[in-house]
Amino acid sequence: MKKLGNYICGNWIEGDGEGQLLLNAVNSDPIAAATTKGLDFSSILSYARKTGNPALRKMTFHERGRMLKALANHLFQQREKFYSVSYLTGATRADSWIDIEGGIGNLFSNAALRRKFPDLPYCTDGDAINLSKGGNFMAHHLLVPKEGVAIHINAFNFPVWGMLEKCAVNWLAGVPAVVKPATITSFLTEAVVREIIASGILPEGSLQLICGSAGDLLNHTMCQDTVTFTGSASTGLLLKSNDRILKENVPFNLEADSLNCIVLADDVRPGTPEWDIFIKEVRREITVKAGQKCTAIRRIFVPDNLLEDAILAVGKALSQTIIGNPMNEKVRMGSLAGQVQRTEVKEQVQKLLASSQIIYGSLDSVEVIDADISKGAFISPLLLLNERPFSSVEVHEIEAFGPVSTIMPYKYIEEAVELSKKGKGSLCSTIVTGDNRLATQYVIETGTYHGRILVLNSECATESTGHGSPLPMLIHGGPGRAGGGEEMGGLWGVKHYMQRIAVQGSPTTLTAITQVYQQNAKGNVDTIHPFRKYFEDLEIGDQLLTAKRKITAADIDEFADLSGDHFYAHKTKTDFAGTMFERQVAHGYFILSAAAGLFVDGSDLGPVLLNYGIDELRFVKPVYPDSTIQVRFTCKEKIPQDKKEESDIEKGIVKWLVEIMDESNEQVGIGTILTMVKKI
Ligand code: NDP
């Protein structure tokens, strides 16, 4: 029997012994064996720390982002290979799309996230903090990539997405990964890792793969590592309590069982668009991936007077689901990942039946097409009814990880809120309502118990990404039973793999470290105007102190006429008693325009291509007629840009700090403006 490879320490290695036999979920044919026997788990982690980590951490965010983009493009080209393997897990093409293209989408999304970071290996976090009266002592929080490795122990249900959603984030942060997929579907993860390694896009040591038991891997972790786990609460607890994890304070991100729920609000009636949206969402959540989704809806709450209608409608929708061989195009629901999973689901349903009854589907039979029911891990979608959700425990505690959901009645929205929280923490919850007052109440009153809440109605339904889809830009994770972890979440997720440090010092030192000009830092005054310098030649801190300009009452009147802004404060004849001003005051936008007139040098074509906008702008002191203004103009930050087309001009964005002072050298305005500057 073919053995799956383990990619460790730069080589594909087979483990010793016969290993665990992995079977096709649809017909029980053997696929391969997985074993990690004989592997030295300590050297796997050392290799990641010594080889992968230094290579990744010295790259800038932009380089890492471009690497993710190249990898995403490569895997996207190869995706058909993965689809053909994915069928063996029992997944339909639509299920596999979530796993495969959803995973690749995470790489693309994190690649694009690079634009939110500087072109440096590290970044600042939050705003600068002034710590002194004189302005010469300050602090900034900094994020630097951890020196360890991200260890991902994944569940069987998303062999591709589960790896890529996590790795995309640790690679962007500059940290390598060791991936241990659930053994039963590891053959698909292995197929993807083979393509990743063969592409040569990642620096060596960025990714290692273990197909089979994790052995004593966690006993070799250290404080710079991060462990993420997705799977059952019991395994999660066992691993989280590992001695070494506790002693070294290794961050452990847990994502476990979650009894996600949907609430049909009582403003929705049968026959309305929201009703159909609700039924469709419930059917989809029960049948997609045969219900093997950590986010799937397990509990359905409907107003008690609509219970019967809802049962009929959900049952009718489920009856239209064709079950069978996932390779058959007519099939909408494939099999579970294996016979063991089917046995587990049935056992969990039996426990639920202590306080519920099956009202759609059967535990013992299922109609399938193009498949042999005695060989495949098929199961019927099951809708359970629990009429006493307040007194039943099971329905809020037991996760049947298959196409199983329980419908329950409630009387008032307050009851729905209480029932929703009885799950003791979930990954996501949905409320279907057209009433934004109800939506607000539900979100605010249940928000502490759910990682994500979807408010679904006819305004957003056609474009909604759905209850069950975690998105790379949003937090995925939930409190309590859901594990208390957090994955993804855009910028937020990257921070899990970086150390946050508070750095104190002078503004000039902090400018050098952060590569962002800090107020009061020493500037570099040059004979060449900063607008005459190309992107590469500009240095953070390049500074210009402009000539002065007197602001007259005539200027203000003319600006009012030109712009049409005749706000009372800009008129001479206003009675200023009881206002914030003493007399006619200049428009803030005029002061900024006048400032631009002082700092811009560009009457002939130069490296500055265009004005790109303003990040922040404050007018801090009124400018009255006959005041004189002057500008300190400083190169604050440089952000390179990639060319979209070959014919594009090579360029970057330059941020400038604009400090506008009056004749007493007091600041009247401060802003950050952006220009697009040509590269040489
Ligand atoms: P497990 O908790 O059994 O396994 C999850 C991962 O942990 C797998 O990679 C598994 O590897 C690994 N693992 C198990 N034991 C150890 C150990 N001692 N040391 C190191 N790694 C270990 O979950 P399953 O994937 O089998 O799913 C079981 C149940 O978990 C499901 O039926 C469902 O209820 C729940 N689940 C919840 C999810 C959620 O996010 N809410 C997602 C998926 C599952 P191996 O495969 O080699 O045993």
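## Exercises on a predicted model

Let's warm up: Glu 539 sits in the loop that runs between β22 (524-525) and β23 (542-551). Keep in mind that you're working with a predicted model.

**Exercise 1.** Find the surface patch that includes Glu 539 and say which charge gathers there.

*Solution.* Start at Glu 539, in the loop between β22 and β23. Now look for its companions: Glu 536, Asp 537 and Glu 650 gather with Glu 539 on the surface. The patch they make is one of negative charge.

**Exercise 2.** Work out the strand order of the open sheet that holds β22, and find its edges.

*Solution.* Step one: trace the 6 strands, which go β22-β23-β25-β26-β27-β24, with mixed pairing. Step two: check the ends. β22 and β24 (608-619) each have a single partner strand, so one side of each has no neighbour in the sheet. Step three: zoom in on β24, which 9 bridges join to β27 (residues 667-678), the two running antiparallel. For an example, take Ile 614, whose bridge partner in β27 is Ile 673.

**Exercise 3.** Do the job again for the open sheet of 7 strands.

*Solution.* The order here is β14-β15-β16-β13-β12-β17-β18, and the pairing is mixed. At the edges you'll find β14 (357-360) and β18 (450-456); each has just a single partner strand, so one of its sides is left without a neighbour in the sheet. From one strand to the next, the twist averages 25 degrees. Inside the sheet, β12 (residues 260-264) and β13 (residues 297-303) run parallel, joined by 4 bridges. Asn 260 stands opposite Ile 297 in β13.

**Exercise 4.** Which residue forms a salt bridge with Arg 114, and how far apart are the closest N and O atoms?

*Solution.* First, the idea: side chains of opposite charge can pair when their charged atoms come close. The partner is Asp 642, with the closest N and O atoms 2.4 Å apart. Next, place both residues: Arg 114 is in the loop between α4 (93-112) and β5 (123-130), while Asp 642 is in the loop between β25 (627-640) and β26 (651-661). The pair is 528 residues apart and links distant parts of the chain. In total, the structure holds 28 salt bridges.

Terms used. Residues numbered from 1 in each chain as written. Predicted model: local features only at pLDDT ≥ 70, side-chain atom pairs only at ≥ 80, totals over all residues. Heavy atoms only, no water. Patch = residues over 30% accessible without salt bridge, like charges linked within 9 Å, V, L, I, M, F, W, Y side chains within 5 Å. Areas by Shrake-Rupley, 256 points an atom, 1.4 Å probe, with all protein chains shown as cover. Salt bridge = Lys/Arg side-chain N within 4 Å of Asp/Glu carboxyl O. Lys, Arg positive; Asp, Glu negative; His and termini not counted. Charge placed at Lys NZ, Arg CZ, Asp CG, Glu CD. Pairing = 2+ DSSP bridges. Axes fitted to C-alpha atoms, helices over the stretch in contact; angles between N-to-C directions.
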